[in-house]
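Q: I have just opened this one and do not know my way around yet. Could you walk me through it?

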Amino acid sequence: MSINDRDLMGGLAKGLRVIETFTAEHPRQSIVEVAAASGLDRATARRCLLTLAQGGYADYDGKFFTLTPRVLRLGTACLATMPLPQIVQPNLDRLSEEIGESSSVSILDGAEIVYVARAAQRRVMSIALMPGSRLPAWCTSMGRVMLAALSEAELQPLLAMAPFPARTPLTLTDAGQLLEELARVRRDGHAVIDQEVEMGLRSIAVPLLNGRGRVVAAVNVGLPAAHATVEDLRTRFLPHLMRLQADLRGLLR
């Protein structure tokens, strides 16, 4: 369906761009920082931020803005309409209890993954992960198994972002290296990340497929590097993930 530009609300679109600039790494921002991150001029960013503050979606201390819990209503409403979290959460809880480690399910949103379900045995990252949390797709195990399912044309916008920001000294930042890694993931059916997102964190992921064989999400196990070697991830946890993948395939659409 084509949409006429005259039917669009530019102000709403700009406000959403402002909201999306707030991340786990940038939870508290000034007008100047939001303008730079959103690509809006300072006057427009200021109006959007003050509107959010007036509506109770942001706090303002005279210099910095932070989002309030009220903004979670937007994400909660979205997640509530998605069957995926309700379908996978019981299976995720059982997996996490069975292996004694944290596990998560995410979907792909452009160059990022969005967590939609999580079963945490312990905190494995310096930032708290929960449904709605976002991380770069190129350096996460769940991101890579979903990226590996994309066509070359679909990957181009992501590859154009290279060199990718290095989150740790081990992060792959080159587009060519990423393509080689995605080819391995495609061949093996799983992805392993060794401290590319955060030092001291390893994870393994497999794609979640629907009944037609299309990748719709990904599931992972993440744990401190001290708890398992890269090979341990494959021998100890991959069979559990593959079993969950098979159990869910007939349930997802």
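A: The turns below go through the sheets, the helices beside them and one loop residue of this predicted model.

Q: Okay, which strands make up the sheet with 6 strands, and in what order?
A: The order is β6-β5-β4-β9-β8-β7, and these strands form an open sheet with antiparallel pairing. The edges are taken by β6 (134-136) and β7 (191-194), each of which has a single partner strand, so one side of each is left without a neighbour in the sheet.

Q: And how much are neighbouring strands turned against each other?
A: On average, neighbouring strands of this sheet are turned by 30 degrees against each other, with direction ignored.

Q: What holds strands like that together, in general?
A: Strands of a sheet pair through backbone hydrogen bonds, in either a parallel or an antiparallel sense.

Q: Let's look at β9 then; is it mostly covered or uncovered?
A: Strand β9, residues 215-224, is mostly covered, with 8 of its 10 residues buried.

Q: How many bridges does β9 make with β8, and how many with β4?
A: With strand β8 (residues 201-209), β9 is joined by 9 bridges, and the two run antiparallel; V206 stands opposite V219 in β9 there. With strand β4 (residues 102-109), β9 pairs over 5 bridges, also in the antiparallel sense, and S102 stands opposite G222 in β9.

Q: What about β4 and β5?
A: Strand β5 covers residues 112-119 and is joined to β4 by 7 bridges, the two running antiparallel, and S103 stands opposite A119 in β5.

Q: Which residue has a positive phi in the hairpin of β8 and β9?
A: That is G213, with a phi near 85 degrees, in a hairpin that has 5 residues between the strands.

Q: Switching to helices, what does α5 do with α9?
A: The axes of helix α5 (residues 83-99) and helix α9 (residues 230-249) come within 11 Å and cross at roughly 160 degrees. That angle is over 145 degrees, which makes α5 roughly antiparallel to α9. The crossing in which α5 passes α9 is right-handed.

Q: Which residues make that contact?
A: From α5 the contact uses I87, V88, N91, L92, L95, E98 and I99, while α9 brings F237, H240, L241, R243, L244, D247 and L248. By class, this contact has 9 nonpolar, 2 polar and 3 charged residues.

Q: Is there another sheet, and what is its strand order?
A: There is an open sheet of 3 strands in the order β1-β3-β2, with antiparallel pairing. Its edge strands are β1 (28-29) and β2 (58-60), each pairing on one side only. Between β2 and strand β3 (residues 65-67) there are 3 bridges in the antiparallel sense, and T66 in β3 is the bridge partner of D59.

Q: Which helix lies across β2 and β3?
A: Helix α3, residues 42-54, lies across these two strands and runs at about 105 degrees to β2.

Q: Last topic: where is G189, and what does it touch?
A: G189 is in the loop between α8 (175-188) and β7. Not counting residues up to four places away in sequence, G189 touches V206 and P207, and V206 is the residue already met opposite V219 in β9.

Q: Why does G189 count as partly exposed?
A: Its relative accessibility is 27%, and partly exposed covers the range between under 20%, which is buried, and over 50%, which is exposed.

Q: And how far is G189 from L49?
A: The two are 140 residues apart in sequence and 44 Å apart in space, taken C-alpha to C-alpha.

Definitions and conventions
Residues numbered from 1 in each chain as written. Predicted model: local features only at pLDDT ≥ 70, side-chain atom pairs only at ≥ 80, totals over all residues. Heavy atoms only, no water. Axes fitted to C-alpha atoms, helices over the stretch in contact; angles between N-to-C directions. Helix = DSSP H or I, 4+ residues; strand = E, 2+ residues; numbered from the N terminus. Parallel < 35°, antiparallel > 145°, perpendicular 65-115°, else oblique. Left-handed = near helix turned anticlockwise from the far one by under 90°. Contact = heavy atoms within 4.5 Å. Nonpolar A, V, L, I, M, F, W, Y, C, P; charged D, E, K, R; others polar. Buried < 20%, exposed > 50% of the residue type's maximum accessible area, 1.4 Å probe, protein only. Pairing = 2+ DSSP bridges.
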